[in-house]
Amino acid sequence: MPTGAGKNIAVCVTGGIAAYKSLSLIRLFKKAGYAVKTVVTRNALQFVTPLSLETLSQNPLYCDTFERREPYEVEHVALADWADMVVVAPATANIIGKYANGIADDALSTFLLAVNKPVFMAPAMNTVMYNQLAVQENISCLEARGVHIIRPVKGALACGSEGDGRMAEPETIFNTVLNHHETFGRFANIKAVVTAGPTYEQIDPVRFIGNNSSGKMGFALAEVLAEQGADVTIVSGPTHLQTNNKNIHRIDVKSAAQMEAETVKAFADCNVAIMAAAVADFTPKKVENQKIKKTSDSLVLELVKTTDILAELGKMKKVGQILVGFALETNNELENAVQKLKNKNADFIVLNSLKDEKAGFGYDTNKVTILGKSGVVFTSELKSKKDIARDILDVVMKNVNI
Ligand code: CTP
């Protein structure tokens with residue numbers, strides 16, 4: 001049976017030159033067996049004709065909210081019920097702005113507000129427009145609400161310049177939707193615990209020892225796990241990140257000791273645990289009650305080891321529980337990661353190397369090697385942390401016993 005059989009997809013087209021690529025996108029969905037209906041803005045019809053959209057989708061297109069069709073229904077609501085997924089490609093700055101702000105002033109924007117299914121948006125616009133703070137904030141706001149943004153790429157733009165803003169290729173958009181469809185709900189009935197972010201080890205009432213972890217990898221894992229149906233607990237050190245999915249239960253902690261206590265509690269009845277936090281290895285032996293004064297020329301802090309949470313869970317692990325750790329290494333990466341896997345009784349170690357550009361701490365992208373007990377099981381390119389999260393979960397999925 002074709003992958004898309006029985007699935008309905010609404011392809012929304014707005015008025016940008018990339019609109020011509022939406023025709024290839026519709027063809028890809030049709031070829032994969034999806035039923036396709038198209039929703040367009042009036043401006044989109046300056047770039048593509050109703051006849052080509054209707055011929056390729058084999059369905060009438062939706063453009064004007066007040067048009068009458070047979071049988072009569074409140075069209076935008078009926079279409080929103082019909083669609084299992086919605087793709088907006090190309091998405092102009094205008095539709096991104098309207099959707100982010102709840103504006104419904106034509107068929108397409110009204111339809112989007114009536115949708116409560118997964119929405120994918122592929123922005124396409126001039127580089128300066130794309131980089132405008134207003135556009136970026138609207139994109140972040142939509143992403144935070146769970147909209148899947150398929151980022152534009154660098155390339156030649158219709159305005160004659162080169163830069164960010166060229167719509168992702170139809171194959172990329174198609175594969176993103178397909179991947180979502182294929183993995184949707186596969187972690188239903190799974191309880192997962194994820195640690196994320198740094199820990200802060202208090203020295204005195206105003207100072208602490210911390211680290212540069214942003215928490216982005218752990219949060220991406222929690223989001224993707226929840227999107228794929230898992231019931232997720234994220235134990236997070238101090239970060240500015242937000243969680244959006246209602247399947248994510250968030251526990252905020254500060255110190256390694258607090259993270260340990262909460263993670264151990266959550267581990268007891270979970271199926272999968274992924275330790276992405278950068279936990280302090282040492283903590284001050286004594287926390288001063290008063291601010292330490294600058295009374296001498298030097299200061300010696302005595303630090304003691306914290307509990308290794310991953311190793312602790314490795315000792316508690318029962319048959320059927322999957323334990324994934326991370327390793328951040330600067331040298332002898334593979335050997336060190338293999339040692340961590342063994343010493344901590346993990347099932348997998350996700351290795352980040354600080355030698356890889358734009359990977360790891362603080363970046364939105366990452367590049368990893370995943371080690372299992374039999375050796376390397378996966379090596380990635382540099383990609384978004386959400387895509388890396390999907391790769392990690394593919395490896396976990398193959399080993400989980402539901
Ligand atoms: N980890 C943990 N608790 C700690 C320290 C580390 O759970 N107190 C976990 C991390 O979340 C990560 C893995 O252990 O999943 C490896 O962390 P990493 O910092 O790479 O290595 P360490 O074990 O701390 O060893 P070292 O710093 O000596 O490389």
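Buried here means under 20% relative accessible area. The legends below describe a predicted model.

**Figure 1. Helix α5 and its surroundings.** Helix α5 covers residues 107-114, and 6 of its 8 residues are buried, so the helix is largely enclosed by the rest of the structure. The buried set consists of A107, L108, S109, T110, F111 and L112. Both helices and strands contribute to the cover over these residues. On the strand side, the cover includes β1 (8-13), β2 (35-40), β3 (85-91) and β4 (119-123). On the helix side, it includes α3 (75-82) and α4 (93-100).

**Figure 2. The whole chain, for orientation.** The protein has 402 residues, and buried residues make up 48% of them. Its secondary structure comes to 13 helices and 21 strands. The C-alpha trace spans about 80 × 50 × 35 Å along its principal axes. Among contacts with a separation of 6 or more, 65% join residues 24 or more positions apart. The domain assignment gives domain 1 (8-183) and domain 2 (191-399).

**Figure 3. The contact between domain 1 and domain 2.** The C-alpha centres of the two domains lie 36 Å apart. Domain 1 brings 7 residues to the contact, and domain 2 brings 4 residues. The size of an interface is often given as the accessible area lost when the parts come together. Between them, domain 1 and domain 2 bury about 460 Å². Carbon and sulfur atoms hold 38% of that area. In domain 1, the residues that lose the most area to domain 2 are A144, H148 and T183. Together they make up 69% of what the domain 1 side buries.

**Figure 4. The second largest cavity.** Rolling a probe the size of a water molecule over the atoms shows where empty space is left. The count comes to 2 cavities of 30 Å³ or more. The second largest holds about 40 Å³ of space. Its lining consists of N179, H180, T183, F184, V224, E227, Q228 and R390. Helices α8 (170-183) and α9 (216-227) each supply at least two of the lining residues. The largest share, 3 residues, comes from α8. By class, the lining has 2 nonpolar, 4 polar and 2 charged residues. Domain 1 (8-183) and domain 2 (191-399) both give residues to this lining, so the cavity lies between them. T183 appears in the cavity lining and also among the domain 1 residues that lose the most area to domain 2.

**Figure 5. The second largest pocket.** About 810 Å³ of space lies in this pocket. Its lining has 34 residues. Those nearest the pocket centre are A277, A278, V279, F326 and L328. Strands β8 (191-196) and β16 (322-329) each give two or more residues to the lining. Helices α9 and α11 (309-316) also give two or more residues each. The lining divides into 15 nonpolar, 12 polar and 7 charged residues. Helix α9 is thus shown in two views: it contributes to the pocket lining and to the lining of the second largest cavity.

**Figure 6. The cis peptide bond at P90 and the loop that holds T92.** The peptide bond from A89 to P90 is cis, with omega near -5 degrees. P90 is found in strand β3. This strand, residues 85-91, is part of the cover over the buried residues of α5. T92 sits in the loop between β3 and α4. T92 has a relative accessible area of 14%, so T92 counts as buried. Leaving out residues up to four places away in sequence, T92 touches T14, G15, G16, A124 and M125.

**Figure 7. Two loop residues with positive phi.** Q58 is a residue other than glycine, and its phi is positive, near 60 degrees. Q58 is found in the loop between α2 (50-57) and α3. Its relative accessibility is 59%, so Q58 counts as exposed. N189 is also a residue other than glycine with a positive phi, near 75 degrees. N189 lies in the loop between α8 and β8. N189 has a relative accessible area of 70% and is therefore exposed. The elements on either side of this loop appear in earlier views: α8 in the cavity lining and β8 in the pocket lining.

Key:
Residues are numbered from 1 along each chain as its sequence is written. This is a predicted model: local features need pLDDT of at least 70, side-chain atom pairs count only at pLDDT 80 or more; totals for chains, interfaces and linings use all residues. Side-chain values use heavy atoms; hydrogens and water are left out. Buried means under 20% relative accessible area, exposed over 50%, partly exposed in between (1.4 Å probe, protein chains only). Helices (H or I, at least four residues) and strands (E, at least two) are DSSP runs, numbered from the N terminus. Contact means heavy atoms within 4.5 Å. On a 1 Å grid over the protein atoms alone, a cavity is a set of points where a 1.4 Å probe fits but cannot get out, and a pocket is an open set with protein on both sides within 12 Å along at least five of seven lines; lining residues have an atom within 4 Å of a point. Grid points are joined across faces, edges and corners, and a volume is the space filled by probe spheres set on the points. Ala, Val, Leu, Ile, Met, Phe, Trp, Tyr, Cys and Pro count as nonpolar, Asp, Glu, Lys and Arg as charged, and the others, Gly among them, as polar. Domain bounds come from an automatic or database domain assignment. Buried area is the accessible area (1.4 Å probe) that two parts lose on being put together, summed over both.
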